Amino acid sequence: MVDPDEHTVDELIEELDTIDDEAELNAILEAERGGRDRKTAREAIEERIAAVGGEGDATEGEYEETAETVGDEAGGEEAGDGELEEEAEEESATAEEPAEDEDEDELSHPTRDKRHVRALEDGHYEDVWVYCETQEGELLDVSKEMLGKARELMDDYAAEFGDEENVVAVVIGDDVEGLAEECLAYGADVAVYHEDPRLERFLHKPYAEITAHMARGQGSAESTNWREYDEPRYFLFPATNNGRDLSAQTQAELDSGLASDCSGLFIGEEEVANPVKTGEPGVKKTFERVLHMKRPDFSGFEYSTILCLDNPGRDFHPQGCSVIPGSFEPIEPDPEREGLVVEHEMDLAEDWFRVEITDHDRLEAGVDLTGHEVIVCLGRGIGDDPTQGIELGLDLVDAFDDAALGITRGIVTSSYQFEGHVEEYTKEERQIGETGQVVAPDLYVAAGVSGAVQHKVGMDESETIVAINTDPDARIRDFSDYFVEGDLFEVLPRLTEAIEAGELRLEAVADGGDD
Ligand SMILES: Cc1cc2nc3c(=O)[nH]c(=O)nc-3n(C[C@H](O)[C@H](O)[C@H](O)COP(=O)(O)OP(=O)(O)OC[C@H]3O[C@@H](n4cnc5c(N)ncnc54)[C@H](O)[C@@H]3O)c2cc1C
């Protein structure tokens, strides 16, 4: 009999595949329980017992099976992928018959009904996919930016692993074949599109169903014969309203994870010691070709790197993320660039179009802060007297020929009470940063702004940055050209006076002069 103690979980899984005798498998399970008692090992043995026909013990792992089948959810559109179908049927059958020693007290297992059906094991993954969002017949800028980044990633990837893998653009909408072709110019090797007049505007259900269907390699033979893999290796979505919605649903459909709002990406290997990932404590395992997805953490001062790594016996692919607009540069489009444009085919259920858009209105464009010579930005440093703080900022704006007032998100989300006309300057339309506007004026005056990463990405391309802050250790100091340690309620009026009196000229500050 195989002694599980002598094997890593990965080795054990290989051994188990060769054993069909249920009694022997049960003995191995007992040996594991009496020995190292590794959760992942127990799960692997139980799975094997179930596969050879036994009931197995109740799984107590993170990933239980589901009572629903993919086929039901996807409206019977599961044709063409035998492996997935088989898995779904097999697992739904298991789920219908609760195991004998299941805990009676359902409440003590609030996640009991959270079960997985589609997770692949030892799946075959290739390519980086990019969901290219469109609006009014054009690719959004962020779609071009993601294609540029995907191109860069895959060019580096090709240098290390060979050039078989592609950048695949996904375009969905009404009359989008031309846009799919445009994706080639922006760096895609393959562009898969699905067009239908009903898809003119983003609709959660059909867009998610189509994207997941494409990713699983389903569709007509013509629309899928360019690829031979189970699912994409990586998947990038835009962190726009629609992209955030689609990315979460699609990655869930594909039974993988999602790192949202990323602004840095690279592919590399990673050594980890987490037993959930390695299969057992004290063992290190190197994962290759891992997409490192960097995103600012909630404090706004540090970046976290998110990894989406397989578990033993359960894959997490595609490794997916949503990408903050403006994070990457598109490549110079080359209309001569060649590639493959493929139409995806799938029957769309009427039921998916229950939401009908009968009318739409365009919101006022709001305030455009880009293109000014000077931006005066106020942060929560105005807290002692918010109305006066905004007044002082506006005075400074008026002192310049071409300036505008911006604010941090800290102000937008504050509960400050503003009086009079000042309030109109405190709305989201003036927010600068990751989820606001990106500006790059000649001069950026940041008063009472701490310099969170999410703010920084909206202003650090400014020619000259002047920060006014009472805290000499404020993070903004690290990326300011001039740092004035002081109270904005005192410094701003003096700055305004100096500009009005012609004592301080914009050109001099921007040139780094010392007057
Ligand atoms: C997903 C996400 C997206 C985000 N997007 C954005 C975004 O687009 N833009 C954005 O700005 N933020 C964004 N944020 C919020 C961001 O993390 C910070 O919370 C925010 O930028 C802080 O605003 P602040 O600098 O005004 O406030 P604080 O961080 O509170 O800083 C106030 C600063 O004022 C100084 N100060 C206090 N009193 C005075 C005084 N009298 N004179 C001078 N200085 C004084 C303090 O020393 C401090 O440095 C986002 C956060 C998340 C999680």
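A residue counts as buried if 20 or more other C-beta atoms lie within 10 Å of its own. By that criterion, 11 of the 13 residues of helix α3 are buried, and the helix is mostly covered. The structure is a predicted model. Its strands include an open sheet of 7 strands with parallel pairing and an open sheet of 5 strands, also with parallel pairing. The briefing below treats α3, the two sheets with the helices that lie across them, and the nonpolar cores.

**Helix α3**

- Helix α3 covers residues 39–51, and its end C-alpha atoms are 18 Å apart; this agrees with the 18 Å that 13 residues should span at 1.5 Å a residue.
- The buried residues of α3 include the charged-residue positions Arg-42, Glu-43, Glu-46, Glu-47 and Arg-48, together with Thr-40, Ala-41, Ala-44, Ile-45, Ile-49 and Ala-50.
- Just after α3, Gly-53 adopts a positive phi of about 115°.

**The sheet of 7 strands**

- The strand order is β9-β13-β8-β3-β6-β7-β14.
- At the edges stand β9 (258–262) and β14 (340–343), each of which pairs on one side only.
- Neighbouring strands of this sheet are turned by 20° against each other on average, direction ignored.
- Strand β7 (residues 190–195) pairs with β14 in the parallel sense over 4 bridges, and Ala-191 stands opposite Val-341 of β14.
- Helix α6 (residues 141–161) lies across β3 (125–131), β6 (167–173), β8 (231–238) and β13 (319–323), and runs at about 160° to β3.
- Helix α10 (residues 241–253) lies across β3, β8, β9 and β13, with a direction at about 170° to β13.

**The sheet of 5 strands**

- Here the strands follow the order β16-β15-β17-β18-β19.
- β16 and β19 (482–485) are the edge strands; each has a single partner strand, so one side of each is left without a neighbour in the sheet.
- On average, neighbouring strands of this sheet are turned by 15° against each other, direction ignored.
- Strand β15 (residues 374–378) pairs with β16 in the parallel sense over 5 bridges, with Val-374 opposite Ala-403 in β16.
- From β15 the chain passes through helix α12 (residues 386–399) to β16, and this β-α-β crossover is right-handed.
- β15 also pairs in the parallel sense with strand β17 (residues 443–447), over 5 bridges; in this pairing Leu-378 stands opposite Ala-447.
- Helix α12 lies across β15, β16 and β17, running at about 170° to β15.
- Strand β16 (residues 403–407) is mostly covered, with 5 of its 5 residues buried.
- Both faces of β16 are covered: Ala-403, Leu-405 and Ile-407 are buried on one side, and Ala-404 and Gly-406 on the other.

**Nonpolar cores**

- In soluble globular proteins, nonpolar side chains tend to be buried together.
- The largest nonpolar core has 54 residues, of which Val-130, Ala-169, Val-170, Val-171, Cys-183 and Leu-236 touch the most other members.
- Apart from neighbours within four places in sequence, Val-170 is in contact with Trp-129, Val-130, Tyr-131, Cys-132, Val-192, Thr-211 and Met-214.
- A second, separate core has 37 residues, among them Ile-375, Tyr-425, Ile-432 and Val-445.

Notes: Residues are numbered from 1 along each chain as its sequence is written. This is a predicted model: local features need pLDDT of at least 70, side-chain atom pairs count only at pLDDT 80 or more; totals for chains, interfaces and linings use all residues. Helices (H or I, at least four residues) and strands (E, at least two) are DSSP runs, numbered from the N terminus. The expected span of a helix is 1.5 Å times one less than its number of residues. A residue is buried if 20 or more other C-beta atoms lie within 10 Å of its own, exposed if 12 or fewer, and partly exposed in between; C-beta atoms are placed from the backbone. A nonpolar core is a set of buried Ala, Val, Leu, Ile, Met, Phe, Trp, Tyr and Cys residues joined through C-beta atoms within 7 Å. Two residues are in contact if their C-beta atoms, placed from the backbone, lie within 7 Å. Two strands pair if DSSP finds at least two bridges between them. A crossover is right-handed if, with the strands pointing away from the viewer, the path from the first strand over the helix to the second runs clockwise. Axes are lines fitted to C-alpha atoms, for helices over the stretch in contact, and angles run from 0 to 180 degrees between N-to-C directions.
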